Amino acid sequence: MAKVIAIANQKGGVGKTTTAVNVSASMAATKRKVLLVDLDPQGNATMGSGVDKYEVDATSYELLIEDKPIEEVIVKGTTGKYDLIAANGDVTAAEIKLMEQFAREVRLRNALASVRDYYDFIFIDCPPSLNLLTVNALAAADSILVPMQCEYYALEGLTALMDTIQKLASVVNPALKIEGVLRTMYDPRNRLANDVSEQLKRHFGEQVYRTVIPRNVRLAEAPSFGAPAMYYDKSSTGAKAYLALAGEILRRRDKSSEMPAKAS
C-alpha cells in the first residue's frame with residue numbers, strides 16, 4: 001500500500017511545490033510508482049510536471065466535488081515519469097464547494113483509497129494555507145513533510161505550524177505523523193541560516209532531514225521548462241539533493257518497517 005505524504009507549510013515561498021515535483025521525480029527514478037496530487041489552485045506542480053493546467057480534462061476539483069472516478073482524473077506520462085492529479089484555477093471553487101459536501105474532510109482520503117495498492121508513494125502538494133483543501137490532504141496522509149527556509153522567525157513559525165497540525169490531526173487523522181522537516185534554499189555561507197539550522201536540529205532532532213536543499217539556479221529555472229530538475233540538468237546540485245532526499249525517505253521507511261513491535 002502506498003505511503004501518502006502531504007507536503008505542507010502555511011507560509012508561502014518555502015520551496016513546497018519545488019519539493020513536491022522533485023521528490024516525486026526522484027522517487028520515480030528509483031523505480032517506485034508515484035502519484036503526485038496537486039491541490040494548489042495555482043497549479044504550479046502541474047505546470048512543473050510538463051502538463052498544461054489549462055488543457056487538462058479533469059483536475060482535483062472534479063475528483064473532490066464531482067466524484068469523478070480517480071482513474072479518469074489521473075494524468076499519465078508527465079516529464080517526471082510519475083502520475084499526476086492536476087490543478088488549476090477551478091480548484092479555488094473546490095474550497096467553497098467543499099463546505100456543502102458530506103464528509104467534506106475525508107473526500108480525498110476516500111478518493112485515493114482505490115489506487116493506494118497500485119502506488120508506492122503518493123505525494124500531495126498543499127496550498128500555502130490551512131484551508132479545507134489542506135485539511136483533506138492531512139486527513140488522507142500518513143505523514144507530513146514540512147519544507148522551510150532557515151531564516152529569522154522560522155523556528156517560531158514552525159513551532160506554531162506543528163501545533164496547528166497536531167490540533168487538526170487530533171480531529172481528522174489521529175495517526176498522522178511528521179515525516180520530516182526539510183531545510184530548503186539553504187546557503188551555508190549565511191551565518192543566520194547556519195544558526196537557525198542548528199536550532200532546528202536541537203528542537204526537532206531526528207525529524208530534521210540530514211539532506212539539505214541548496215539555493216540553486218537550475219532548481220529555479222526547471223519549472224519554466226516544464227520539467228523536474230533531474231530532467232532539466234541532472235548534474236545540478238539541486239537535482240542531486242532531491243535524489244539524496246528520496247534515498248533518505250526510503251531508508252527511514254525501511255528502518256521503521258524493520259522495528260520490532262512493542263511487547264504488550
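Here is a short conversation about how some features of this predicted model get their labels.

User: What makes strand 3 and strand 7 the edges of the sheet?

Analyst: Start with the order. The open sheet has 7 strands arranged 3-2-4-1-5-6-7, with parallel pairing. Strand 3 (83-85) and strand 7 (208-214) each have a single partner strand, so one side of each is left without a neighbour in the sheet. On average, neighbouring strands of this sheet are turned by 25 degrees against each other, direction ignored.

User: How do you know that strand 1 and strand 4 are paired?

Analyst: A pair needs at least two bridges. Strand 1 (residues 3-7) and strand 4 (residues 121-125) are joined by 5 bridges, and they run parallel. Because 5 bridges meet that requirement, the two strands count as a pair. You can look at A6, which stands opposite I124 in strand 4.

User: Which helix packs on the sheet and touches strand 1 and strand 4?

Analyst: That is helix 12 (residues 237-258), which also touches strand 5, strand 6 and strand 7. Its direction makes about 165 degrees with that of strand 7. Angles over 145 degrees count as roughly antiparallel, so helix 12 and strand 7 fit that label.

User: Why is helix 1 called roughly perpendicular to helix 12?

Analyst: Helix 1 (residues 16-29) and helix 12 pack at about 70 degrees, with their axes 8 Å apart. The label covers angles from 65 to 115 degrees, so helix 1 is roughly perpendicular to helix 12. The residues that meet include T18, V23 and M27 in helix 1, and Y242, L245 and I249 in helix 12. By class, this contact has 8 nonpolar, 4 polar and no charged residues.

User: How do you know that the length of helix 1 agrees with its 14 residues?

Analyst: At 1.5 Å a residue, helix 1 should span 20 Å. Its end C-alpha atoms are 20 Å apart, so the two values agree.

User: What makes helix 1 "mostly covered"?

Analyst: Of its 14 residues, 12 are buried. Among them are K16, V21, N22 and A28. Buried means under 20% relative accessible area, so each of these falls below that cut-off. After helix 1 comes K31, with a positive phi near 75 degrees.

User: Why is A93 called partly exposed?

Analyst: A93 lies in helix 5 (residues 91-97). Its relative accessibility is 30%. Buried would need under 20% and exposed over 50%, so A93 counts as partly exposed.

Terms used. Residues numbered from 1 in each chain as written. Predicted model: local features only at pLDDT ≥ 70, side-chain atom pairs only at ≥ 80, totals over all residues. Heavy atoms only, no water. Helix = DSSP H or I, 4+ residues; strand = E, 2+ residues; numbered from the N terminus. Axes fitted to C-alpha atoms, helices over the stretch in contact; angles between N-to-C directions. Contact = heavy atoms within 4.5 Å. Parallel < 35°, antiparallel > 145°, perpendicular 65-115°, else oblique. Nonpolar A, V, L, I, M, F, W, Y, C, P; charged D, E, K, R; others polar. Expected span 1.5 Å × (residues − 1). Buried < 20%, exposed > 50% of the residue type's maximum accessible area, 1.4 Å probe, protein only.
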